[in-house]
Amino acid sequence: MDTLVYCRPKWANQSDPDAGALAGQLKGLAQMLESPSDLLVMVEQAQISSSGERVRQVASGLRAKQVSREGSRPPCLWLIATSPAAVEALSRAPTLQSLLVDEVAKGLPMRLAAVGAASGVALAKLFDNEPVLVPTGAGDAKALLESGVGQFAESDHALLLEAELARDELQLGLLRMGVEVDRLSLYRRTPQSMVGLHDLKGSRLWLVISRYTQVEWAWNALKAQSVPLHQVVFLTHHSRIESRLKGLAQDIAVRCLPSLDAQEIVSQIKLAS
């Protein structure tokens with residue numbers, strides 16, 4: 001029987017409902033091993049409180065700009081989700097979320113954006129299905145910046161919902177567009193080791209790769225465990241990840257799916273059966 005290794009990051013001390021749903025649909029097709037590349041934990045409450053204070057300062061500054069720019073497009077606050085985990089982190093900081101809602105209720109213009117479709121769905125759900133700017137096609141910082149041309153404006157202010165030590169591509173791109181930026185680091189990633197794969201006995205191995213940073217992690221783990229490359233099929237949903245994987249070795253098997261939901265993954269394995 002084939003084996004699927006589910007490598008998506010997960011919250012510490014919490015089961016992953018997506019992984020559970022996938023495991024149920026894989027019965028009879030493949031055994032599933034959960035091997036998250038990272039465990040996610042919230043930052044300390046003091047850091048979240050500091051982010052809340054910064055939100056108040058930003059809101060106050062934007063209101064002052066609105067008064068001084070009557071007759072022109074008022075500057076707005078952009079709340080930008082960099083991952084579904086970032087949205088989950090905001091939901092785990094209810095005081096901060098309530099503060100944002102209260103500022104909007106006081107008249108602060110706020111718009112929502114996300115680097116990808118899954119992040120956008122999660123963010124919309126958190127804010128009563130408000131519209132969310134998301135890139136068309138594969139989502140990443142570059143794609144969002146391109147989609148935001150004509151939407152992001154000088155004097156706007158963006159709050160990036162992200163992990164600690166996140167890449168700065170989105171921040172730098174927004175700054176070049178004249179948008180002021182604050183980065184709200186709400187959670188952190190703790191890297192994990194891949195599960196042991198020594199006893200697969202020649203079966204096909206499917207690896208679910210959802211993040212660009214997982215490419216090197218998975219590649220190094222496969223080499224360390226001497227897993228034959230011809231056994232492995234990588235599953236991803238992003239062309240950038242696909243290109244990076246294909247650049248690692250000749251004849252590497254990669255399937256780029258429309259999404260990494262259970263139905264897409266199961267369908268791919270059924271096709272290969």
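At 30% relative accessibility, Arg54 counts as partly exposed, because buried would mean under 20% and exposed over 50%. Its partner in this predicted model is Asp182: the two form a salt bridge whose closest N and O atoms are 3.0 Å apart. Asp182 sits in strand S9 and Arg54 in helix H2, so this pair ties together parts that are 128 residues apart in sequence. Asp182 itself, at 14% relative accessibility, counts as buried.

## Salt bridges

Side chains of opposite charge can pair when their charged atoms come close. This structure holds 12 salt bridges, and three of them are set out here.

| Salt bridge | Closest N and O atoms |
|---|---|
| Asp182 and Arg54 | 3.0 Å |
| Arg188 and Glu44 | 3.1 Å |
| Glu103 and Arg63 | 2.3 Å |

Let's take Arg188 and Glu44 next. Arg188 belongs to strand S9 (residues 180-191), while Glu44 is found in the loop between strand S4 (38-42) and helix H2 (45-68), so their salt bridge ties together parts that are 144 residues apart in sequence. How do the two residues sit with respect to the surface, buried or exposed? Arg188 has a relative accessibility of 22% and counts as partly exposed; Glu44, at 44%, counts as partly exposed too. The pair also has company: Glu44, Glu164 and Arg188 are linked in a network of salt bridges.

Then there is the pair formed by Glu103 and Arg63. Glu103 lies in helix H4 (residues 94-105) and Arg63 in helix H2, which makes this a link between distant parts of the chain, 40 residues apart. Here Glu103 counts as buried, at 6% relative accessibility, whereas Arg63 is partly exposed, with a relative accessible area of 25%.

## The open sheet

Now for the strands. Which strands form the open sheet, and in what order? There are five, arranged as S3-S1-S10-S11-S12, and their pairing is parallel. Strand S3 (30-34) and S12 stand at the edges with a single partner strand each, so one side of each has no neighbour in the sheet. Direction ignored, neighbouring strands of this sheet are turned by 20° against each other on average.

A look at one pair of strands helps to picture the pairing. Strand S1 (residues 2-6) runs parallel to S3, and five bridges join them. Within this pair, Val5 stands opposite Leu33 in S3.

## Helices on the sheet

Helix H10 (residues 262-272) packs on the sheet, where it touches S1, strand S10 (205-208), S11 and S12. The direction of H10 makes about 160° with that of S10.

Helix H9 lies across S11 and S12, and runs at about 175° to S12. Which residues of H9 (residues 239-246) are buried? They are Ile241, Glu242 and Leu245. Seen down the axis of H9, these buried residues fall within an arc of 100°, so they line one face of the helix. What do they pack against? The buried residues of H9 pack against helix H8 (214-224), strand S11 (232-236) and strand S12 (253-256).

Terms used:
Residues are numbered from 1 along each chain as its sequence is written. This is a predicted model: local features need pLDDT of at least 70, side-chain atom pairs count only at pLDDT 80 or more; totals for chains, interfaces and linings use all residues. Side-chain values use heavy atoms; hydrogens and water are left out. Buried means under 20% relative accessible area, exposed over 50%, partly exposed in between (1.4 Å probe, protein chains only). Helices (H or I, at least four residues) and strands (E, at least two) are DSSP runs, numbered from the N terminus. The arc is that of the directions from the helix axis to the C-beta atoms. Contact means heavy atoms within 4.5 Å. Two strands pair if DSSP finds at least two bridges between them. Axes are lines fitted to C-alpha atoms, for helices over the stretch in contact, and angles run from 0 to 180 degrees between N-to-C directions. A salt bridge is a side-chain nitrogen of Lys or Arg within 4 Å of a carboxyl oxygen of Asp or Glu.
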